[in-house]
Amino acid sequence: MSRHLVVSISGHGFGHVAQTAPILNRLHEYLPQLRITVRSSVPAAHLRSRIHAPFTHLQSAGDIGMLMSSAIEVEVEKSRDAYQEFHANWREQVAAEAATLKALQADMVFSNVGYLPLAGAQIAGIPNAALCSLNWADIYRHYCGDDSITRQIHTAYVGADAFLRATPGMQMQDLPNLIPVSPVVDIGINRRDELNRHLKLSKQEKLVLVSMGGIKSRLPVENWPRIDGVRYLVQASWQARHPDAIVFDSIPMSFSDLLASSDALLCKPGYGSFVEAAGSGIPVLFVGRPDWPESPP
């Protein structure tokens with residue numbers, strides 16, 4: 001009988017998927033019989049573009065994250081209200097989560113980095129572990145203070161069998177179960193010659209990939225100056241009216257390969273973007289995010 005791994009992936013940007021997918025892909029290589037269920041609010045299409053192991057997708061949110069007005073601006077009061085609502089009946093929530101995990105017949109719960117699935121697994125007696133470069137107890141404490149909600153989140157993380165802290169990441173010195181691990185990344189393949197042929201570009205032209213990490217936010221591309229020989233790869237939903245903008249959604253290439261095939265990345269600070277760019281040796285230009293606690297590390 002195959003074992004069942006139930007995976008929770010936060011929908012707060014795509015960095016959580018970028019950290020989790022390489023592990024699930026490698027697990028599938030080692031244990032092809034392992035059954036995987038992914039619970040996430042991330043669109044299934046994006047999950048399948050990153051996770052190549054077979055899995056069942058269930059819509060679920062195991063955390064609030066932080067509510068954002070843009071890719072870099074946190075709505076603190078709205079986030080505080082959302083947390084208070086999420087934790088209003090915390091014990092009942094945890095009990096319901098435990099029942100759900102039992103109904104799924106989970107043999108283990110792996111979370112990046114929702115804390116409700118961890119708390120539910122602990123009540124249900126199911127082995128559980130977390131992986132991330134941040135944790136929501138520290139993020140919530142930074143913006144909303146140290147209160148009963150902080151302690152409930154922290155307790156769920158401390159109760160996990162292990163919290164794997166991806167490098168680079170926040171210090172998290174108050175987690176006794178912390179295990180620092182190496183950078184987790186799927187490094188793309190440089191397919192620039194193929195990309196040039198597909199886009200009908202000369203070898204002299206430079207490509208700048210523009211990405212805000214999966215959080216809905218639009219940059220005013222149409223106001224950018226034209227730079228001789230520079231083209232911008234942007235997402236279709238922006239409907240960018242710039243003569244040098246190229247929509248990348250329809251290019252038959254993974255995001256990691258696009259990044260590895262570009263000359264530079266324009267982004268916000270985020271684990272997936274930074275680590276993939278570093279792995280591919282791609283220069284990064286980023287907009288500052290000084291108030292986000294994960295930015296310094």
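Is Asp 138 buried or exposed? In this predicted model, Asp 138 is buried, with a relative accessible area of 13%. The report below places this residue among the salt bridges, then turns to the sheet, the nonpolar core and a surface patch.

## Salt bridge within helix H6

Asp 138 pairs with Arg 141 in a salt bridge whose closest N and O atoms lie 2.7 Å apart. Both residues belong to helix H6 (residues 136–144), where a spacing of three residues separates them by about one helical turn. The two partners fall into separate accessibility classes: Asp 138 is buried at 13%, whereas Arg 141 is partly exposed at 26%.

## Salt bridges between distant segments

A salt bridge also links Asp 263 and Arg 192, with 2.9 Å between the closest N and O atoms. Asp 263 is located in the loop between helix H9 (255–260) and strand S11 (264–267), and Arg 192 in helix H8 (residues 192–199), so this pair ties together parts that are 71 residues apart in sequence. Arg 192 is buried, with a relative accessible area of 13%, while Asp 263 is partly exposed at 28%. Elsewhere, Asp 138, Arg 141, Asp 146 and Asp 174 are joined into one network by salt bridges that share partners.

The side chains of Asp 107 and Arg 3 form a further salt bridge, at 3.5 Å from N to O. Because Asp 107 lies in the loop between helix H4 (90–103) and strand S4 (108–112), and Arg 3 in the segment before strand S1 (4–9), the contact ties together parts that are 104 residues apart in sequence. Arg 3 counts as exposed at 54% relative accessibility, and Asp 107 is partly exposed at 26%. The model contains 15 salt bridges in total.

## The seven-stranded sheet

Seven strands form an open sheet with parallel pairing, in the order S3-S2-S1-S4-S5-S6-S7. The edges are occupied by strand S3 (56–58) and strand S7 (178–181); each has a single partner strand, so one side of each is left without a neighbour in the sheet. On average, and with direction ignored, neighbouring strands of this sheet are turned by 20 degrees against each other.

At the S7 edge, strand S6 (residues 162–166) runs parallel to S7 and is joined to it by four bridges. Within this pair of strands, Arg 165 stands opposite Pro 180 in S7.

## The nonpolar core

In soluble globular proteins, nonpolar side chains tend to be buried together. The largest nonpolar core of this model has 44 residues, of which Met 66, Tyr 115, Trp 136, Ile 153, Tyr 157 and Val 210 touch the most other members. Two or more residues each are given to this core by helix H3 (76–86), H4, helix H5 (116–124), H6 and helix H7 (148–158), together with strand S5 (128–132), strand S8 (206–210) and strand S9 (230–234). H6 provides the largest share of the core, with six residues. Helix H6 also holds the salt-bridged pair Asp 138 and Arg 141.

## A nonpolar surface patch

Which residues make a nonpolar patch on the surface? Phe 274, Val 284 and Phe 286 form such a patch, of about 240 Å². Phe 274 is part of helix H10 (residues 271–280) and counts as partly exposed, at 30% relative accessibility.

Note on methods:
Residues numbered from 1 in each chain as written. Predicted model: local features only at pLDDT ≥ 70, side-chain atom pairs only at ≥ 80, totals over all residues. Heavy atoms only, no water. Pairing = 2+ DSSP bridges. Axes fitted to C-alpha atoms, helices over the stretch in contact; angles between N-to-C directions. Salt bridge = Lys/Arg side-chain N within 4 Å of Asp/Glu carboxyl O. Buried < 20%, exposed > 50% of the residue type's maximum accessible area, 1.4 Å probe, protein only. Patch = residues over 30% accessible without salt bridge, like charges linked within 9 Å, V, L, I, M, F, W, Y side chains within 5 Å. Areas by Shrake-Rupley, 256 points an atom, 1.4 Å probe, with all protein chains shown as cover. Core = buried A, V, L, I, M, F, W, Y, C linked by side-chain atoms within 4.5 Å.
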